[in-house]
Every structure is written in C-alpha cells, then in structure tokens.
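Reader: I have a model open and would like to go through it by questions. Please reason each answer out and end on what I asked for.

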Amino acid sequence: MQLPSLRLKRHEERRLLGGHLWIYSNEVDSRETPLQQYQAGEQVRVETHNGKLLGTAYVNPHSLICARLVSRDDRILDRALLVHRLLQALKLRTQLFDEPFYRLVYGESDLLPGLVVDRFGPHLSVQLNSAGMEAMRGQVLDALKQVIAPESIVLRNDSSIRTLEGLLREVEVAWGEAPKVVELLENGVPLLAPLHDGQKTGWYYDQRPNRAWLRRFAPGKRVLDVFSYVGAFAVQAAAFGAREVVAIDASRPALEMAEKNAELNGVGDRFNGIEGDAFAILRGLKAEGESFDLIVVDPPAFIKRKKDHKEGLQAYHRINELAMQLLQPDGILLAASCSMHLAREELLDVLRSAGRRQDRHVQILMEGMQGPDHPVHPAIPETRYLKAFLARVSDG
Ligand code: SAH
C-alpha cells in the first residue's frame, strides 16, 4: 500500500539526514502537499523536494512539529514494528538492570516518538504524547501485552504536551486491575509510587544514578530533600544511614507517600515531612537557625518554555542560594535541573555565584545526567534534559 506523500522544500531534508526525527511545518512544501489534507496521526511517505524517500512519519497538521519519523525507509509503524521496537527497548533495559523497574520506552530515543512507558514490575504506566501515538493506541496496548505480558496498563494521558497536540487529557486504566500504589526497587531500596494520581508516570526514574551518590555521602548525616515528591532522595538517604531526613514538598499526598516509604524502610522515626512552598520554608528554617549536612535541590522545571528563561534562571539562583545558606561547613549540595532550556553551564554558574555571594568555596565532585533508561538521542537535544551536580561547600 502506497502511503500519501509529504514533500519537503528544497534543502529542508538536512536535519533529517543529520539524524533528527522531526519535521517542522515551515519545512513542508505546502503547495505540493498541503498539511491540511492529512488526518492527525496519519502516516506518510516523507520525500525530498525531488521525490527521494527519506522515511515514514506520522503527521499532526495542527502541531508545530508537524511530522515525526517512525522509520528511515518505507516501514510504517504497525503492530509488527511496535513489537520490534519494544523488544529492542526491553533488551537494553534488561542489560542495564537486574529488576524490572525502569523507563521501558523513552520516546524518540527508542525510535518510538511520543511514547513513554514506565515499568513497575508487572504494571505499566504509559503516556501517549502525540496524535500519532494516540492513533496507534490499540496497537500500542496490544504490542505491550505481547512483549511484557503485564498485569495492568494505566494510560497517564494527562500531560500538558497533549494539549499542544490537540488531544484530551485523561487518566484511564486500559488493561487489567491496576493497583493505586505500586512497589519498586531502586538502588536496592524498596519504594512505593502512586500509579493513578502521582506526578507524570508516578515515579522519576531519571534520577536513579544521582540518588545512588547518597550511598556514600548520606550515612550519619542530617539531610534535607527540597522538592521531595514521594521521598525518593530522602528515603534512600535514610535507608543508606542518614541520621535524620527532612523532606519539603508543596503536595500533601506526595509527602504522605514519602512517609509511607520511610516506614516501609523502617526509618519512619528519622523522617520528617514539611508541606508548603520550598522558598518560604527554607527562609523559615534559616530564621530558626537550622542547618544540614547534605541538601538535595531537585525542583520542577522552572523553565518550561524558552520565554521563561530569565525568570526561571533566577528561581534556580534563589533556591540554590537559600539551600547553601542552610548548609554546614563542608556540607554537600546536590543541585539538579530537569529544564531542557537550562544549560549545564548555567547550573554550574548558579553554584559558582551562590558560593561567591556567601564567600564559600565550592567544589564540584560529580556531575550527572538522566539514567541510561532515558537514553540521549544525539541529534535531538531535547532528549538530554536532566543535569545534576554534587558539590562540597566549605568556608574557604
Ligand atoms: N525530587 C523528586 C522529584 C521532584 S518533582 C524525586 O526525586 O522524585 C518536583 C516536586 O516539586 C513535585 O513533587 C512538586 O509537588 C514540588 N513542588 C513544585 N513547586 C513547589 C514549591 N514551590 N514548593 C515546594 N514543592 C514544590
């Protein structure tokens, strides 16, 4: 079956040939192949201006990224190709991890644009983040059942990206009996995550290698976890032997689950949650003369869009400086950013300038990124978003 063609303007094939998977609407020859003629999610044969095949893509005529490649030949994304891609994704994860707790599919990096799947043993949390993947919903579910044989699949289709794609935001159990809470194992520590009403897919697997740093630095320490969510950093710190951990988050349900996570690990007596705005709480802790040996600052993306850059960067400066003020001499600061629009050098500069303003000496000990179950696509900078620095802060 011949697919309809999508023709690019002259020279606009360069990014695709360089490895990228996306086509922007201004790159399409809209006289030859007007975008309005396609259904959202429809698959097309992508061609250069003179008809040479570049690959197969699915289209969303309503989105700025109007098409994303699913293959570099004439293979369409069907159940067979989905199964192949899922098996490839699974092969990588089983090579990386001993236990079935990981991001199984990371969109473009696994050549499945717009699809995210997090695995909690037999339970899957899935995001269909594009019209193309939405159109494949039934086949995605079938392919997942074939490859993983899961007990349940929850569709966490409530991300704001769906709005940009013209899709509804909803959460739905698509298969089996999905428990409210799932158990996972990370860095050897058992933890609980909310499957239906947590943030994103329910768990941030991306920080796993950076949380492992705590094994060396947390024992015996008083630890503060700022923006803790369900306590992934805080509870691992306690499980690794921290003397006391304090977790701050604006979400009460997140802190309640953090408390349960602490109890699950038998460290409930060393755990304290504080609910509220992190900026205000850090100021309050400082006013009360509190201090900590190790502080984790892992905020939500303060820079969601390019135009938020200035304001967002200031927020990174403010929160890290507040944290540094609460740090004991020779304390450890783990500063992270999941904003794709914040450069690594900018986060480094946040630490440099906080140190200067307080006349403290900062040493960067480790630098991290998202874990390998979130592989980077070398042609797509958006796939490399997480930055983390571990710094020692002394009095100089
Ligand atoms: N560190 C967590 C992930 C953090 S996600 C982990 O490792 O899993 C960001 C968290 O910040 C969310 O839980 C959100 O509820 C919280 N948050 C957002 N704005 C906040 C604010 N102003 N003060 C406190 N918490 C906030």
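Reader: Is Asn 187 buried or exposed?
Author: The model is a predicted one. Asn 187 sits in the loop between strand E11 (181-186) and E12. Its relative accessible area is 19%, and the cut-off for buried is under 20%. Asn 187 is therefore buried.

Reader: What is the phi of Asn 187?
Author: Asn 187 is not a glycine, yet its phi is positive. The value is about 50°.

Reader: Where is Asp 359, and is it buried or exposed?
Author: Asp 359 also has a positive phi, of about 55°, although it is not a glycine. Its place is the loop between helix H12 (344-357) and strand E18 (361-368). Its relative accessible area is 53%, and exposed means over 50%, so Asp 359 counts as exposed.

Reader: Which residues does Arg 208 contact, leaving aside neighbours within four places in sequence?
Author: Arg 208 lies in helix H6 and counts as buried, at 9% relative accessibility. With those sequence neighbours set aside, the residues in contact with Arg 208 are Phe 97, Phe 101, Tyr 102, Leu 185, Glu 186, Asn 187 and Asp 373.

Reader: How many Å apart in space are Arg 208 and Pro 372?
Author: Along the sequence, 164 residues separate Arg 208 and Pro 372. From C-alpha to C-alpha, the distance in space is 9.4 Å.

Reader: Is Gly 198 buried or exposed?
Author: Gly 198 belongs to the loop between strand E12 (189-194) and helix H6 (208-211). Leaving aside neighbours within four places in sequence, it is in contact with Arg 156 and Tyr 229. Its relative accessible area is 11%; the cut-off is under 20%, so Gly 198 is buried.

Reader: What separates the C-alpha atoms of Gly 198 and Leu 167?
Author: Gly 198 and Leu 167 are 31 residues apart along the chain. Their C-alpha atoms are separated by 20 Å.

Reader: Where does Asp 225 lie, and which residues does it touch?
Author: Asp 225 is part of strand E13 (residues 222-226). Its relative accessible area is 1%, so it is buried. Not counting residues up to four places away in sequence, Asp 225 touches Gly 231, Phe 233, Ala 234, Val 246, Ala 247, Ile 248 and Val 296.

Reader: Is Asp 269 buried or exposed?
Author: Asp 269 is in the loop between H9 and strand E15 (271-275). In space it is 8.4 Å from Glu 244, C-alpha to C-alpha, with their positions 25 residues apart in sequence. Its relative accessible area is 68%; the cut-off is over 50%, so Asp 269 is exposed.

Reader: In the largest nonpolar core, which residues touch the most other members?
Author: This core has 44 residues. Its largest share, 6 residues, comes from helix H8 (residues 232-239). At least three residues come from each of domain 2 (79-179) and domain 3 (183-394). Those touching the most other members are Phe 120, Leu 184, Trp 203, Leu 214, Val 245 and Leu 294.

Reader: Which residues are in contact with Leu 214, its neighbours within four places in sequence left aside?
Author: Leu 214 is among the residues of that core that touch the most other members. Beyond its sequence neighbours, it is in contact with Pro 219, Phe 233, Ala 237, Phe 240, Leu 294 and Val 296.

Reader: How many residues are in the other core that lies apart?
Author: Members of this other core include Ile 303, Tyr 316, Met 324 and Phe 389. The number of residues in it is 33.

Reader: Which helix gives the largest share of the lining of the second largest pocket?
Author: The volume of this pocket is about 200 Å³. Of its 14 lining residues, the closest to the centre are Pro 194, Asp 197, Pro 253, Ala 254 and Met 257. By class, the lining has 7 nonpolar, 3 polar and 4 charged residues. The largest share, 5 residues, comes from helix H9 (residues 252-264).

Reader: How many Å apart are the C-alpha centres of domain 1 and domain 2?
Author: The domain assignment gives domain 1 (5-71), domain 2 (79-179) and domain 3 (183-394). Between the first two, 12 residues of domain 1 are in contact with 15 residues of domain 2. The C-alpha centres of domain 1 and domain 2 are apart by 25 Å.

Key:
Residues numbered from 1 in each chain as written. Predicted model: local features only at pLDDT ≥ 70, side-chain atom pairs only at ≥ 80, totals over all residues. Heavy atoms only, no water. Core = buried A, V, L, I, M, F, W, Y, C linked by side-chain atoms within 4.5 Å. Buried < 20%, exposed > 50% of the residue type's maximum accessible area, 1.4 Å probe, protein only. Helix = DSSP H or I, 4+ residues; strand = E, 2+ residues; numbered from the N terminus. Domains from an automatic or database assignment. Contact = heavy atoms within 4.5 Å. 1 Å grid on protein atoms, 1.4 Å probe; cavity = no way out; pocket = protein on both sides within 12 Å on 5 of 7 lines; lining within 4 Å. Points joined across faces, edges and corners; volume = space filled by probe spheres on them. Nonpolar A, V, L, I, M, F, W, Y, C, P; charged D, E, K, R; others polar.
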